[in-house]
Amino acid sequence: MNKVILMGRLVRDPEVRYSQGNEPLAVARYTLAVNRRFKRQGEQDADFIGCVAFGKAGEFAEKYFKKGQMVSVIGRLQVRSWDDNEGKKRWSTDVVVEEQYFAESKSSFESHREATPVATPKQTAPSDGFYPIDESIEDDDLPF
């Protein structure tokens with residue numbers, strides 16, 4: 001079984017390209033900063049995981065996902081390899097998105113966006129390892 005479930009913040013706005021052909025297909029690429037539960041001395045606090053969404057999912061990401069937003073992704077791992085310009089074998093591992101969801105309310109995102117910068121490889125995530133939860137949201141209000 002190949003199944004991945006992630007929740008993290010978008011490092012930047014999704015980058016979207018369209019395939020060539022009679023019916024162009026949207027291909028959205030984005031990176032999620034996913035907090036690590038435990039941290040060793042000198043290690044970064046988050047993993048930066050590449051995701052790719054095709055078709056309608058790619059169009060959705062392009063239209064609604066913004067840098068710093070907390071999103072949840074369900075998909076599968078895909079490993080690919082190629083030879084670069086120097087003839088070296090290169091590898092890439094991405095999550096191919098099958099489902100994607102907002103993981104925080106719009107108001108929570110707006111307040112987070114104003115208050116804190118998004119973690120990047122050189123910045124650190126919250127020291128306690130937990131994302132803030134909007135306690136005003138009831139489970140019955142969630143769309144899934």
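## Strand pairing, core and salt bridges

Arg 76 counts as partly exposed, at 32% relative accessibility, where partly exposed covers the range between buried (under 20% relative accessible area) and exposed (over 50%), with a 1.4 Å probe and protein chains only as cover. The model is a predicted one, in which local features need pLDDT of at least 70 and side-chain atom pairs count only at pLDDT 80 or more, while totals for chains, interfaces and linings use all residues. Residues are numbered from 1 along each chain as its sequence is written, and side-chain values use heavy atoms, with hydrogens and water left out.

The chain holds two helices and six strands, arranged along the sequence in the pattern β-β-β-β-α-β-β-α; helices (H or I, at least four residues) and strands (E, at least two) are DSSP runs numbered from the N terminus. Of its 144 residues, 35% are buried. The exposed surface of the chain amounts to about 10,300 Å², of which carbon and sulfur atoms supply 49%, with areas taken from the Shrake-Rupley method and a 1.4 Å probe, only the protein chains shown counting as cover for residues. Contacts (heavy atoms within 4.5 Å) between residues at least 6 apart in sequence join, in 63% of cases, residues that are at least 24 apart.

Strand E3, residues 26-35, is mostly covered, with nine of its 10 residues buried. Strands are taken to pair if DSSP finds at least two bridges between them, and E3 has several such partners. With strand E4 (residues 46-54), E3 runs antiparallel and is joined by nine bridges; here Asn 35 has Ala 46 in E4 as its bridge partner. Strand E2 (residues 15-18) is likewise antiparallel to E3, through four bridges, and Arg 17 stands opposite Val 27 in E3. Strand E1 (residues 4-10) pairs with E3 in the antiparallel sense over two bridges, with Arg 9 partnered by Ala 33 and Leu 10 standing opposite Leu 32.

E1 is also mostly covered, five of its seven residues being buried, and six bridges join this strand to E5 in an antiparallel arrangement, in which Val 4 has Gly 75 as its bridge partner. Just ahead of this pairing in the sequence is Lys 3, whose place is in the segment before E1. Setting aside neighbours within four places in sequence, Lys 3 is in contact with Ile 74, Gly 75 and Glu 98. The C-alpha atoms of Lys 3 and Val 95 are separated by 9.2 Å, although the two residues are 92 residues apart along the chain.

In soluble globular proteins, nonpolar side chains tend to be buried together. The largest nonpolar core here (a set of buried Ala, Val, Leu, Ile, Met, Phe, Trp, Tyr and Cys residues joined through side-chain atoms within 4.5 Å) has 17 residues, and those with the most contacts inside it are Leu 6, Tyr 30, Leu 32 and Cys 51. At least two residues of this core come from each of E1, E3, E4, E5 (70-83) and E6 (89-102), and E3 gives the largest share, five residues. The contacts of Leu 32, leaving aside neighbours within four places in sequence, include Leu 6, Leu 10, Phe 48, Ile 49, Cys 51, Val 71 and Val 73.

The structure holds seven salt bridges, each defined as a side-chain nitrogen of Lys or Arg within 4 Å of a carboxyl oxygen of Asp or Glu. Asp 94 and Arg 29 form one of them, with the closest N and O atoms 3.5 Å apart; Asp 94 lies in E6 and Arg 29 in E3, and the pair is 65 residues apart in sequence. Arg 29 and Asp 94 are also linked with Arg 80 in a network of salt bridges. The side chains of Asp 47 and Arg 36 meet at 2.6 Å, N to O, with Asp 47 in E4 and Arg 36 in the loop between E3 and E4, 11 residues apart. A further bridge joins Glu 98 to Arg 76 at 3.9 Å, N to O; Glu 98 is in E6 and Arg 76 in E5, so this pair ties together parts that are 22 residues apart in sequence.

Accessibility values for Lys 3 and for some of the residues in these pairs follow.

| Residue | Relative accessible area and class |
|---|---|
| Lys 3 | 48%, partly exposed |
| Arg 29 | 35%, partly exposed |
| Arg 36 | 25%, partly exposed |
| Asp 47 | 29%, partly exposed |
| Asp 94 | 11%, buried |
| Glu 98 | 45%, partly exposed |
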